[in-house]
Amino acid sequence: MIIDPGLFLNAVVSGLLLGGFYIAVALGLSIAFGQLDIVNIAHPAFVIVGSYFAYYLGAHYGFDPVLTGILLTPVFFVAGILVYRVYYVSFERTGQESLSGLAFFFGLMFIIEVTLIMIYGVDYRLVPAPYIGMNWKLGLVDFPLRMAIPFVVSMVMTIGIYFYLSKTFIGRAILAVSQDRQALQLMGADPVRIKQIAFGLAIATASVAGALLIIIGPVEPSINREYIGRAFAMVVLGGMGSITGTVIAGFILGIAESFVQTFAGPSWAPAVSFSILLLTLAVRPSGILGRQS
Amino acid sequence: MRSGGFWGFIIGALLVGIAFVALGKNEYYYFAAYVILQSLIMAVAWNILGGFTGYVNFGAAGFFAVAAYTTIALNKYLQGLGLQPPMLVYIAAGAVVCGLIGLGTGYLTLRLRGVYFAIATLALAVVFQTLANNWDYVGGAKGSYILTPAPPPFFSSYIKYLFFVMLLMSLFAIIVSRYIVHSKFGRGLAAVRDDEVAAECMGVPTLRLKLISTTVMGVLMGMAGAPYPFYVTYVDPQSAFSLGIAVNAIAMPMIGGTAYWYGPVIGAILLGTAQEVISVTISSELNVFLVGVVLVSFVILAPSGLVGLVNDLRARVKSRA
């Protein structure tokens, strides 16, 4: 079989663009699950909430989706803090994260999804923005702006979070709480307060990711389930607690999905991430850059 | 519950079921009871791993749907040969397939931390749904119809027969679940749940126990899913893999109390009945919404479920007296 070079090149580029966007979705989970050990299955549901905010403000008031996503990060931050408070008081303090904590996030995801269905129905929603139909062409390769803009925004956000975690005091405290809780306490920092800020930050990224999601394509409430697989596949494949690992894993997943979509058909795409996830768990559970646990 | 009381309860439930089949007029009640019993089996099965062993299975809908699709594929194949096997064949097939899936998933992920198992089960459900969407033999994304056979002797309609099959399987699931709690195996599982490392140190073969427990869970879920195509007569991936099935399988044991064999039974009967009433009288969307709210409220406010609440209350009354 001879593969058309144009088709091949386009599959690579669109895979990179897609992967870049996926990183925005997984970033919050990389913090919550990778650093804080909070298995937030509801993270993609928060992303969808971000999409619906972008849809609502865009369709009714003409707000640009990226702007909405950024403006609403404080709201998501506070929501994240509240969720963490409930989680901490009910499960983490009493050591019941494993069973009740998981069920809690599962129920939360379900509530968010059904609430959106009750308000907006199961129709696909999209958002108007001037750049969504535009396309740049470089030789054989297409750069549709509806993919390129989410890619750029996602990269800027990821780099920002990366430097926040490695350069600022609170950022370093977040990394510290994931490594040695007790040592942090001895240094005079309150681990619960640090985790609370970190979880708020994780949920705040969902606001931006949701806005990017609805730029890429129309959104309906139940697609959050596909993103559970993608996000967890990236965090696990990248290695728990490594943002660089999540970024690498995001590009791997994006390219893999893009190839499957081009050469096998779009109906197979949802299985890609979960197959990567199962394979990683079976072969190398610590991921690419993970610390051995 | 004492042993005599337990067997009395089982026989009593069976007799009530027989009387219901013989005397009932309105077919709706059989349709409703079938759904409640189906979620009862799923809840009891989920609890064998989730409640007794402490490993969360988010993919209950996956196990259920794989069994339903096994029935569809087998039915299509056997009809091609001109055969019409009894229900037992489909149930056995679903049980074997799902038991093997449970064993396989457990083998791949149970050596890791419990959360990986939970995520893997979620992953499994989506992988199987994608397969079902792309497998044309069983209808692909369009779904597939199945013909309801004639009711067997002694049953005046097919739904009565399905209800009775479901009742027998529910009682079987309850017996298995109770047997596990009271056996040495069950005490091993409880040790795994409470402190896996300590259990391993005391010589409990934790991996083997966990594998048996996932297999039993798979077998029971497969049994619950196998008759489903005959009940709905039309199966498509969207409905067979519905998230509602997975949520119910978790919510019912959580509401009843996961540490007891009768916890999921109580949870399934209460929540299942409430769901039937709400979907008929108000709306089915509100119904799914309430399941989520009830699940979250219970894990936050009453983590040991209704049974735990009643036990607490009793202890309080006793200490005051």
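Guide: Before we start, one cut-off: a residue is exposed if 12 or fewer other C-beta atoms lie within 10 Å of its own, buried if there are 20 or more, and partly exposed in between. Also keep in mind that this is a predicted model.

Visitor: Okay, let me try that out. Is B:Phe154 buried or exposed?

Guide: You'll find B:Phe154 in the loop between strand E1 (144–145) and helix H6 (158–182) of chain B. Its phi is positive, about 80 degrees, although the residue is not a glycine. Now count: B:Phe154 has 11 other C-beta atoms within 10 Å, so it is exposed.

Visitor: And A:Asp37, how does that one count?

Guide: A:Asp37 sits in the loop between helix H1 (5–35) and helix H2 (43–61) of chain A. Here too phi is positive in a residue other than glycine, with a value near 65 degrees. The count for A:Asp37 is 18 other C-beta atoms within 10 Å, so we call it partly exposed.

Visitor: Let's step back. How many helices and strands does chain A have?

Guide: Walk along the sequence and you meet the pattern α-α-α-α-α-β-β-α-α-α-α-α-α-α. Tally that up for chain A and you get 12 helices and two strands.

Visitor: What radius of gyration does chain A have?

Guide: The C-alpha atoms of chain A fill a box of roughly 60 × 45 × 35 Å along the principal axes. Of its 293 residues, 52% are buried. A compact globule with 293 residues would come out near 19 Å, and chain A agrees, because its own value is 19 Å.

Visitor: What about the radius of gyration of chain B?

Guide: Chain B comes to 15 helices and two strands. The globule rule gives 20 Å for 321 residues, so chain B is as compact as a globular protein of that length, with a radius of gyration of 20 Å.

Visitor: In chain B, which share of contacts between residues at least 6 apart in sequence joins residues at least 24 apart?

Guide: The C-alpha atoms of chain B fill a box of roughly 65 × 45 × 40 Å, and 49% of its 321 residues count as buried. Among contacts between residues at least 6 apart in sequence, the share joining residues at least 24 apart is 80%.

Visitor: Where do the two strands of chain A come in? Which residue in E2(A) is the bridge partner of A:Leu138?

Guide: Strand E1 (residues 135–138) and strand E2 (residues 141–144) of chain A pair in the antiparallel sense over four bridges. Their hairpin has two residues between the strands, and A:Gly139 takes a positive phi there, near 65 degrees. Across the pair, A:Leu138 is matched with A:Val141.

Visitor: The two chains touch, I see. Which helix gives the most to the side of chain B that touches chain A?

Guide: The contact takes 33 residues from chain A and 34 from chain B. On the chain B side, helix H4 (87–109), helix H5 (114–134), helix H12 (243–256) and helix H14 (284–301) each supply at least two residues. By class, that side has 25 nonpolar, eight polar and one charged residues. With 13 residues, the one giving the most is H5(B).

Visitor: Which helix supplies the largest share of the largest nonpolar core?

Guide: That core has 203 residues, and B:Ile41, B:Met42 and B:Phe64 are among those with the most contacts inside it. The largest share, 15 residues, comes from residues 191–216 of chain A, that is, helix H9.

Visitor: Chain B has an H9 too. How many of the 20 residues of H9(B) are buried?

Guide: Helix H9 of chain B covers residues 206–225 and reaches 29 Å from first C-alpha to last, close to the expected 28 Å. B:Phe64 touches B:Met221, B:Ala224 and B:Gly225, among others. H9(B) is largely enclosed by the rest of the structure, because its buried residues number 17.

Visitor: Last one: how many C-beta neighbours inside 10 Å does A:Phe91 have?

Guide: A:Phe91 is in helix H4 (residues 73–92) of chain A. Leaving aside neighbours within four places in sequence, its contacts include A:Gln96, A:Ser100 and A:Phe104. A:Phe91 counts as buried, because its number of C-beta neighbours inside 10 Å is 23.

Note on methods:
Residues numbered from 1 in each chain as written. Chains lettered and ligands numbered in written order. Predicted model: local features only at pLDDT ≥ 70, side-chain atom pairs only at ≥ 80, totals over all residues. Rg over C-alpha atoms; globule rule 2.2 N^0.38 Å. Contact = placed C-beta atoms within 7 Å. Nonpolar A, V, L, I, M, F, W, Y, C, P; charged D, E, K, R; others polar. Core = buried A, V, L, I, M, F, W, Y, C linked by C-beta atoms within 7 Å. Pairing = 2+ DSSP bridges. Expected span 1.5 Å × (residues − 1).
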